[in-house]
Amino acid sequence: MEPEITLTIPPDLEAALAALEKRVKRRTPLMEQIANIMLNAVDENFIAGGRPAWKPLKYRDGQPLMHTRHLHGSITPWHDNDTAVVGTNVVYARIQNQGGKTRPHEIRPRNRQALRFNGRYAKKVNHPGSDIPARPFLTLTDHDLEEIQQAVIAFMTGNE
């Protein structure tokens, strides 16, 4: 026969375990906080011109990816009980973030009868494609990861 062991849990420990169980089951506030930390990190990437710095522009002055601010403004956070994400639905975001080469293609005028380049006119232009350098904006630095870790620790210990 196995001996019976009775363990009496102090009320304060029982309350702490119950609170921990509740926090572990309901993680949505933590995921929201993590998504916002990631959104702030991506904002900092755009504002700083990359962390580390992005390759500069070749054909105009200014900061890369900030001419119209469309890509920067499209970054949105999303979260549920299990996931925290930031992302964008902008079509060109992937090639800007990861780099790559565009296909050769034909350029035709949209609103006029001809295109104008340097005083010359053309009905169409054959574009050879472009090499787009990687400008990773959807990245987290070590500091950002530490901030997420601190948020998780604070959430799990109830010190939010």
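Entry 1, element order. I read the elements from the N terminus and noted α-α-α-β-β-α-β-β-β-β-β-β-α. That comes to five helices and eight strands for the protein. I keep in mind that this is a predicted model.

Entry 2, overall dimensions. I looked up the extent of the C-alpha trace along its principal axes and found about 95 × 30 × 30 Å. The radius of gyration of the protein is 26 Å, whereas a compact globule of 160 residues would have one near 15 Å.

Entry 3, burial and surface. I checked how much of the chain is covered: 23% of the 160 residues count as buried. For the accessible surface I noted about 12,200 Å², with 54% of that area belonging to carbon and sulfur atoms.

Entry 4, contacts along the sequence. I took the contacts in the protein with a separation of 6 or more and looked up the share from residues 24 or more positions apart. That share is 62%.

Entry 5, charges. I noted 21 positive and 18 negative side chains in the protein. The centres of the two sets lie 26 Å apart.

Entry 6, the nonpolar core. I turned to the largest nonpolar core, which has 20 residues. Within this core, F46, L71, I75 and F137 touch the most other members. Helices α2 (28-48) and α5 (142-157) each supply at least two residues of the core. The most comes from α2, which gives eight residues.

Entry 7, I75. Which residues is I75 in contact with, leaving aside its neighbours within four places in sequence? I found L39, V42, F46, V86, G87, T88, F137 and L138. Two entries in that list, F46 and F137, are also named with I75 among the core residues that touch the most other members.

Entry 8, the loop between α2 and α3. I went through the backbone here and wrote down three residues.

- P52 is placed in the loop between α2 and α3 (70-73). The peptide bond from R51 to P52 is cis, and its omega is near 5 degrees.
- L65 also lies in the loop between α2 and α3. Its phi is positive, about 65 degrees, although L65 is not a glycine.
- R69 has its place in the loop between α2 and α3 as well. R69 is not a glycine either, yet it has a positive phi of about 65 degrees.

Entry 9, L65 again. Is L65 buried or exposed? I looked up its relative accessible area, which is 14%. The cut-off for buried is under 20%, so L65 counts as buried.

Key: Residues numbered from 1 in each chain as written. Predicted model: local features only at pLDDT ≥ 70, side-chain atom pairs only at ≥ 80, totals over all residues. Heavy atoms only, no water. Core = buried A, V, L, I, M, F, W, Y, C linked by side-chain atoms within 4.5 Å. Buried < 20%, exposed > 50% of the residue type's maximum accessible area, 1.4 Å probe, protein only. Helix = DSSP H or I, 4+ residues; strand = E, 2+ residues; numbered from the N terminus. Contact = heavy atoms within 4.5 Å. Rg over C-alpha atoms; globule rule 2.2 N^0.38 Å. Areas by Shrake-Rupley, 256 points an atom, 1.4 Å probe, with all protein chains shown as cover. Lys, Arg positive; Asp, Glu negative; His and termini not counted. Charge placed at Lys NZ, Arg CZ, Asp CG, Glu CD.
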